Amino acid sequence: MNVTCHNCKTKLNIPDHKIPKDKDLTLACPKCKEKIRIPVVKQQKSAQLSLEDRLNALVCIDDNDLKKKVVSIIGQMGLAAEIALDTKAALNKMEYHIYHLVIIDESFDQQKGISGMMDRMNSIDMSLRRRICLVLISDKFNTNDNMAALNTSVNSIIHRDDIIHLETFLSGVLADHKNFYMVYNDSLKLAGKA
């Protein structure tokens, strides 16, 4: 935890494991000896995200059975899911909303294909693109095929046969995405570029 002395403005970094979980901590500033009080951090009892923290997901799938499964799993994970009926509707939704997770089936919108979606994802500002975790459902590629994911400009791929493991898969993918860009953004801040 980062703490700043209110008297001399000295910045301290106190390891989290040294801070008691059940009571306030008071310590003396090593520079000016002023007392610094660190209040106990209240733990949230609910595993559900608050409305402000709730992640949004955009589902781009034509197959009704698959769409229902995916939307159900996303809802169980606490994400707010919206469904796009075609590429035009998906692009329109993306103009006005930030989706933290976009799941697209490679057979989505047979008239335009997923190329319109991929073109849009590849042309948006990188600061926005980094906030979106793009997952491709595929019949051609294996789950977690990182080279295929890189080649198709998605964050991760799940094979259609592995949909029964979607919740575990998405939990890992979203955690990896968040952690990767947390490190990236922290590095930009340290370099003075953010």
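1. A good place to start is Asp105, whose side chain makes a polar contact with the side chain of Ser107 at 2.8 Å. A polar contact here is a pair of N or O atoms within 3.5 Å, where, within protein, one must be able to donate a hydrogen and the other to accept it, and residues adjacent in sequence count only if both atoms are side-chain atoms. Asp105 sits in strand β7, residues 101-105, and is buried, with a relative accessible area of 0%. Buried means under 20% relative accessible area, exposed means over 50%, and partly exposed is in between (1.4 Å probe, protein chains only).

2. Before going on, a word on what you are looking at. This is a predicted model, in which local features need pLDDT of at least 70 and side-chain atom pairs count only at pLDDT 80 or more, while totals for chains, interfaces and linings use all residues. Residues are numbered from 1 along each chain as its sequence is written, and side-chain values use heavy atoms, with hydrogens and water left out. Helices (H or I, at least four residues) and strands (E, at least two) are DSSP runs, numbered from the N terminus.

3. Asp105 also belongs to a network of salt bridges that links it with Asp139 and Arg160. A salt bridge is a side-chain nitrogen of Lys or Arg within 4 Å of a carboxyl oxygen of Asp or Glu. Within this group, the side chains of Arg160 and Asp139 meet at 3.1 Å, N to O. Arg160 lies in the loop between β9 (156-159) and α6 (166-190) and Asp139 in the loop between β8 and α5, so the pair ties together parts that are 21 residues apart in sequence. Arg160 is partly exposed at 22% relative accessibility, and Asp139 is partly exposed at 45%.

4. How many salt bridges does the structure hold? There are five. One of them joins the side chains of Asp24 and Arg37 (2.4 Å, N to O). Because Asp24 lies in the loop between β2 (11-13) and β3 while Arg37 lies in strand β4, this pair ties together parts that are 13 residues apart in sequence. Asp24 is partly exposed at 35% relative accessibility, whereas Arg37 is exposed at 53%.

5. Two helices are joined in a similar way: the side chains of Arg120 and Glu95 form a salt bridge (3.2 Å, N to O). Arg120 is in helix α3 (residues 115-123) and Glu95 in helix α2 (residues 87-96), so parts 25 residues apart in sequence are tied together. Both ends count as partly exposed, Arg120 at 22% and Glu95 at 48%.

6. Now for the backbone. Most residues other than glycine have a negative phi. Lys33, however, has a positive phi, near 70 degrees; Lys33 is in the loop between β3 (25-28) and β4 (35-38) and is exposed, with a relative accessible area of 60%. Asn144 also has a positive phi, near 60 degrees, and lies in the loop between β8 (133-138) and α5. Asn144 is partly exposed, at 46%.

7. Which residue of helix α5 (residues 146-151) is worth finding next? Try Asn146, which lies in that helix and is exposed, with a relative accessible area of 56%. Asn146 and Ser156 are 10 residues apart in sequence and 6.9 Å apart in space, C-alpha to C-alpha.
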